[in-house]
Amino acid sequence: GFCASPILTEDGIIYAWDTAGACHLIRRGRKFAKIRTNELGEGVRASPAFAGGRIYVRGERRLFCIGEK
């Protein structure tokens with residue numbers, strides 16, 4: 001199941017975190033096109049925030065910052 005809101009980026013990629021902590025990347029378009037799934041390692045219920053080229057995700061126990069240094 002999903003609790004967090006999906007996010008559509010400017011490059012047409014949808015980021016959708018499920019409650020188990022997997023992030024599903026899907027390309028926007030007429031046909032379903034899943035790019036990949038990345039596991040976070042803990043559940044996610046809050047919507048992520050995108051800022052400064054990074055993604056901030058609140059897990060069940062930790063706050064994650066995903067991006068390049």
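This briefing describes one sheet and one group of salt bridges in a predicted model. Because the model is predicted, local features need pLDDT of at least 70 and side-chain atom pairs count only at pLDDT 80 or more, while totals for chains, interfaces and linings use all residues. Residues are numbered from 1 along each chain as its sequence is written, and side-chain values use heavy atoms, with hydrogens and water left out. The sheet is open and has 3 strands in the order β5-β6-β7, and a search of the whole structure finds 2 salt bridges.

**Sheet β5-β6-β7**

- The pairing within this open sheet is antiparallel; two strands are taken to pair if DSSP finds at least two bridges between them.
- Strands are DSSP runs of E with at least two residues, numbered from the N terminus.
- β5 (49–51) and β7 (63–66) each have a single partner strand and stand at the edges, so one side of each is left without a neighbour in the sheet.
- From one strand to the next, the twist averages 20°; the axes behind such angles are lines fitted to C-alpha atoms, and angles run from 0 to 180 degrees between N-to-C directions.

**Strand pairs**

- β5 and β6 (residues 54–58) run antiparallel and are joined by 3 bridges.
- Phe-50 has Ile-55 in β6 as its bridge partner.
- Between β6 and β7, 4 bridges support antiparallel pairing, and a hairpin connects β6 to β7 through 4 residues.
- For Arg-58, the bridge partner in β7 is Leu-63.

**Salt bridges**

- A salt bridge is counted when a side-chain nitrogen of Lys or Arg lies within 4 Å of a carboxyl oxygen of Asp or Glu.
- Glu-42 and Arg-61 form one such bridge, with the closest N and O atoms 3.5 Å apart.
- Glu-42 is in the loop between β4 (33–39) and β5, whereas Arg-61 is in the loop between β6 and β7, so this pair ties together parts that are 19 residues apart in sequence.
- Arg-62 also forms a salt bridge with Glu-42, where the closest N and O atoms are 2.7 Å apart.
- Because Arg-62 lies in the loop between β6 and β7 and Glu-42 in the loop between β4 and β5, the pair ties together parts that are 20 residues apart in sequence.
- Glu-42, Arg-61 and Arg-62 are thus linked in a network of salt bridges.

**Accessibility of the network residues**

- Glu-42 is buried, at 3% relative accessible area; buried means under 20%, exposed over 50% and partly exposed in between, with a 1.4 Å probe and protein chains only.
- Arg-61 counts as exposed at 57% relative accessibility.
- Arg-62 is partly exposed, with a relative accessible area of 41%.
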